[in-house]
Amino acid sequence: EDVEGAYPGIEFLKAFNLEGKQLAKGRVGIIGGGNSAMDAARVALRQSGVTSVTIYYRRTRNEMPAFAEEIEACLEEGIEIKTLLAPVKVLAAQERLTGLEVIHNRLGEPDSSGRQRPEPIPGTEEQIPLDTLIVAIGEEPDTASLAGVPLSRRGTLSINAESGATGRTGVFGGGDVVTGSNTVIDAIASGKNAALMIDRYLTGRQMRVLPKAKLPGVYVEPLETAEEEGEIAARAVPPCLSLESRTRSCAEVELCLAENDAVLEAQRCLRCDLEFTQPN
């Protein structure tokens, strides 16, 4: 994987988003089935000099951990998804990527994640010519330096869910090193909780915060609606850029709701706050 033309998914995305570098060229292959793989594929498609983008995943589409809307967006934009294929080795000549050797899989018994385990089928190896390879598979936490800190069976930090404290005094954990690959917003939330608990630890206070109900303090008059009682209001669907426009730029794909659609969407609110507020 160290040859020219092969990149880790995060490195590829950082190079484009932070430095404006376009590393993808020609025939692009993506290994992985998560949201990062979908991101890498859609970014690669928008780079100049790219002729095709294909995602290779070792299970079937039903087992892909990526959000369904991300998968659909890839397919709409012309990205091909080939399933039940696992990488065997990177092919290269003179330290330059030339392709990828894969083997066909079948699904066996469920593994620890509850998904069926992919099993290679002997004799089904296949060589795929590529100009760029992006490896967007799950990252693993580097816990080698955390001596004396208990780990879970998955190799992640084991913490108290409420305080974020580990089994080693004065050491707290949060984010992907605890949960495994997760979203940015979850990492930010766990970081805020860890900061709060570290402060309480250093000041000798109780290592928990009792939840407080936040009730609305302002009464907003319910909107009149023409809908008949019991009628289900459909959720508004944001408009999107045309396929031709979106694949030629990195402009936002999902556009804003029209004013009328936004009003209709707001009217779908069940107004549970009415139970706690009173008109002035």
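Strands S2 and S9 (residues 132-135) pair in the parallel sense over 4 bridges. The model is a predicted one. Within this pairing, Ile-31 has Val-135 of S9 as its bridge partner.

**Strand S2 and its partners**

S2 spans residues 26-31. Of its 6 residues, 5 are buried, so the strand is largely enclosed by the rest of the structure. S2 also pairs with strand S3 (residues 50-57), again in the parallel sense, over 6 bridges. In that pairing, Gly-26 stands opposite Val-50 of S3. What links S2 to S3 as a unit? Helix H2 (residues 35-45) joins S2 and S3 in a β-α-β unit. The unit is right-handed.

**Helix H1**

Helix H1 runs over residues 9-19. Its buried residues are Gly-9, Phe-12, Leu-13, Ala-15 and Phe-16. Seen down the helix axis, these buried residues fall within an arc of 155 degrees, so they line one face of H1. Leu-18 and Glu-19 are exposed on the other side of H1. The cover over the buried residues of H1 includes strand S1 (6-8), H2 and S9. Gly-20 comes just after H1 and takes a positive phi of about 70 degrees.

**Helix H3**

Which residues of helix H3 (residues 68-76) are buried? They are Glu-70, Ile-71, Ala-73 and Cys-74. They cover an arc of only 160 degrees around the axis, which puts them on the same side of H3. On the other side of H3, Ala-68 and Glu-69 are exposed. The buried residues of H3 pack against H2, S3 and strand S4 (80-83). Just after H3 comes Gly-78, with a positive phi of about 95 degrees.

The two helices can be set out side by side.

| Helix | Arc of buried residues | Glycine just after the helix | Phi of that glycine |
|---|---|---|---|
| H1 | 155 degrees | Gly-20 | about 70 degrees |
| H3 | 160 degrees | Gly-78 | about 95 degrees |

H2 appears in both packing lists. It helps to cover the buried residues of H1, and the buried residues of H3 pack against it. H2 also belongs to the β-α-β unit with S2 and S3.

**Cysteines**

How many disulfides does a search of the whole structure find? The search finds 0. Cys-74 is in no disulfide; the nearest cysteine sulfur, that of Cys-250, is 13 Å away. A disulfide needs the two sulfur atoms within 2.5 Å. Cys-256 is in no disulfide either, and its nearest cysteine sulfur, that of Cys-240, is 12 Å away.

Are Cys-74 and Cys-256 buried or exposed? Cys-74 has 0% relative accessibility, so it counts as buried. Cys-256 is exposed, with a relative accessible area of 70%. Cys-74 is also one of the buried residues of H3.

**Val-177 in helix H4**

Val-177 is found in helix H4 (residues 176-179). Its relative accessibility is 23%, so it counts as partly exposed. The limit for buried is under 20%. Which residues does Val-177 contact, leaving aside its neighbours within four places in sequence? They are Pro-141, Thr-143, Thr-156 and Leu-157. Val-102 is 75 residues from Val-177 in sequence. In space, the two are 30 Å apart, C-alpha to C-alpha.

Methods. Residues numbered from 1 in each chain as written. Predicted model: local features only at pLDDT ≥ 70, side-chain atom pairs only at ≥ 80, totals over all residues. Heavy atoms only, no water. Buried < 20%, exposed > 50% of the residue type's maximum accessible area, 1.4 Å probe, protein only. Helix = DSSP H or I, 4+ residues; strand = E, 2+ residues; numbered from the N terminus. Pairing = 2+ DSSP bridges. Right-handed = clockwise from strand over helix to strand, strands pointing away. Contact = heavy atoms within 4.5 Å. Arc of directions from axis to C-beta.
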